[in-house]
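Got the viewer open? Set the model to cartoon and keep the selection box handy, then follow along stop by stop.

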Amino acid sequence: MHPTTTIYVELLDELVEVYRPVAAEHLYGDIYRIVDPKADSEEVWRFPPGAVVCCRLTRFQGRADEVLVAIEEVRG
């Protein structure tokens with residue numbers, strides 16, 4: 001089992017840009033697997049639970065720290 005960390009996944013179908021913090025396994029480098037189950041059926045995540053994604057450190061407006069944001073799905 002790989003260590004888990006929090007990454008942020010964009011929510012689709014929102015009026016403004018919104019990101020959901022989710023649990024993910026760190027696989028290697030900047031690659032993570034989303035392990036958080038989708039709790040709210042009303043939300044449409046850009047990447048579903050189980051997806052392997054590449055993340056990039058990003059600073060959201062109003063936050064002092066950088067967070068990991070899923071930017072693309074990695075296909076095997």
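What follows is a walk through a predicted model, from the whole chain down to single side chains.

**Stop 1: the whole chain**

Start with everything selected and colour by secondary structure. You'll find six strands and zero helices, so to speak a plain β-β-β-β-β-β when read along the sequence. Along its principal axes, the box filled by the C-alpha atoms is roughly 35 × 30 × 20 Å. How does the radius of gyration sit against that of a compact globule? For 76 residues the globule would come out near 11 Å, and the chain has 12 Å, which agrees.

Now switch on a surface. The chain exposes about 5000 Å², with carbon and sulfur atoms supplying 49% of that area. On the inside, 32% of the 76 residues count as buried. If you like contact maps, look at pairs with a separation of 6 or more: residues 24 or more positions apart account for 31% of those contacts.

Colour by charge before moving on. There are 8 positive and 14 negative charges, and their mean positions are 3 Å apart.

**Stop 2: the aromatic cluster**

Select Tyr8, Tyr19 and Phe60 and show them as sticks; these residues form one aromatic cluster. How many aromatic pairs does the count come to? The answer is two.

Take Tyr8 and Phe60 to begin with. Their rings meet edge-to-face, 5.7 Å centre to centre with 80° between the planes. In sequence the partners are 52 residues apart: Tyr8 belongs to strand E1 (residues 4–12), while Phe60 sits in the loop between strand E5 (52–58) and strand E6 (67–73). Is Tyr8 buried or exposed? Its relative accessibility is 14%, so Tyr8 counts as buried.

Next, swing over to Tyr19 and Phe60. This pair is tilted, with 5.0 Å between the centres and 35° between the planes. It also bridges distant parts of the chain, from Tyr19 in strand E2 (residues 18–28) to Phe60 in the loop between E5 and E6, 41 residues apart. Tyr19 has a relative accessible area of 23%, so it is partly exposed.

**Stop 3: strand E6**

Keep the cluster on screen and add Val69, a residue of strand E6. Val69 is buried, at 5% relative accessible area. What does Val69 touch beyond its neighbours within four places in sequence? Its contacts are Tyr8, Tyr19, Cys54, Cys55, Arg56, Thr58 and Phe60, and Tyr8, Tyr19 and Phe60 are the cluster you have just seen. For a sense of distance, draw a line from Val69 to Gly50: these residues are 19 apart in sequence and 16 Å apart in space, C-alpha to C-alpha.

Step along to Ala70, also in strand E6. It is buried, with just 2% relative accessible area. Setting aside residues up to four places away in sequence, Ala70 touches Ile7, Tyr8, Val9, Arg46, Phe47, Val53, Cys54 and Cys55. Pick Val53 from that set and run the distance tool between the C-alpha atoms: Val53 and Ala70 are 17 residues apart along the chain, with a separation of 5.9 Å.

**Stop 4: strand E2**

Now select Arg20, which lies in strand E2. Its relative accessible area is 30%, which makes it partly exposed. Which residues does Arg20 touch, not counting those up to four places away in sequence? Show Ile7, Tyr8, Val9, Leu11, Glu43 and Trp45. From Arg20 to Ile7, 13 residues apart in sequence, the C-alpha atoms are 8.2 Å apart.

Slide along to Val18, another residue of strand E2. At 25% relative accessibility, Val18 counts as partly exposed. Beyond residues up to four places away in sequence, Val18 touches Val9, Glu10 and Leu11. Then draw a line out to Pro3: it is 15 residues from Val18 in sequence and 26 Å away in space, C-alpha to C-alpha.

**Stop 5: the E1–E2 loop**

Finish at Asp13, in the loop between E1 and E2. Check its backbone torsions: phi is positive, about 60°, although Asp13 is not a glycine. Turn the surface back on here. Is Asp13 buried or exposed? At 71% relative accessibility, Asp13 counts as exposed.

Methods
Residues are numbered from 1 along each chain as its sequence is written. This is a predicted model: local features need pLDDT of at least 70, side-chain atom pairs count only at pLDDT 80 or more; totals for chains, interfaces and linings use all residues. Side-chain values use heavy atoms; hydrogens and water are left out. Rings of Phe, Tyr and Trp (its six-membered ring) pair if their centres lie within 6.5 Å; planes under 30 degrees apart count as stacked, over 60 as edge-to-face and the rest as tilted. Helices (H or I, at least four residues) and strands (E, at least two) are DSSP runs, numbered from the N terminus. Buried means under 20% relative accessible area, exposed over 50%, partly exposed in between (1.4 Å probe, protein chains only). The radius of gyration is taken over C-alpha atoms; the globule rule is 2.2 Å times the number of residues to the power 0.38. Contact means heavy atoms within 4.5 Å. Accessible areas come from the Shrake-Rupley method with a 1.4 Å probe; for residues, only the protein chains shown count as cover. Lys and Arg count as positive and Asp and Glu as negative; His and the chain ends are not counted. The place of a charge is taken as NZ of Lys, CZ of Arg, CG of Asp or CD of Glu.
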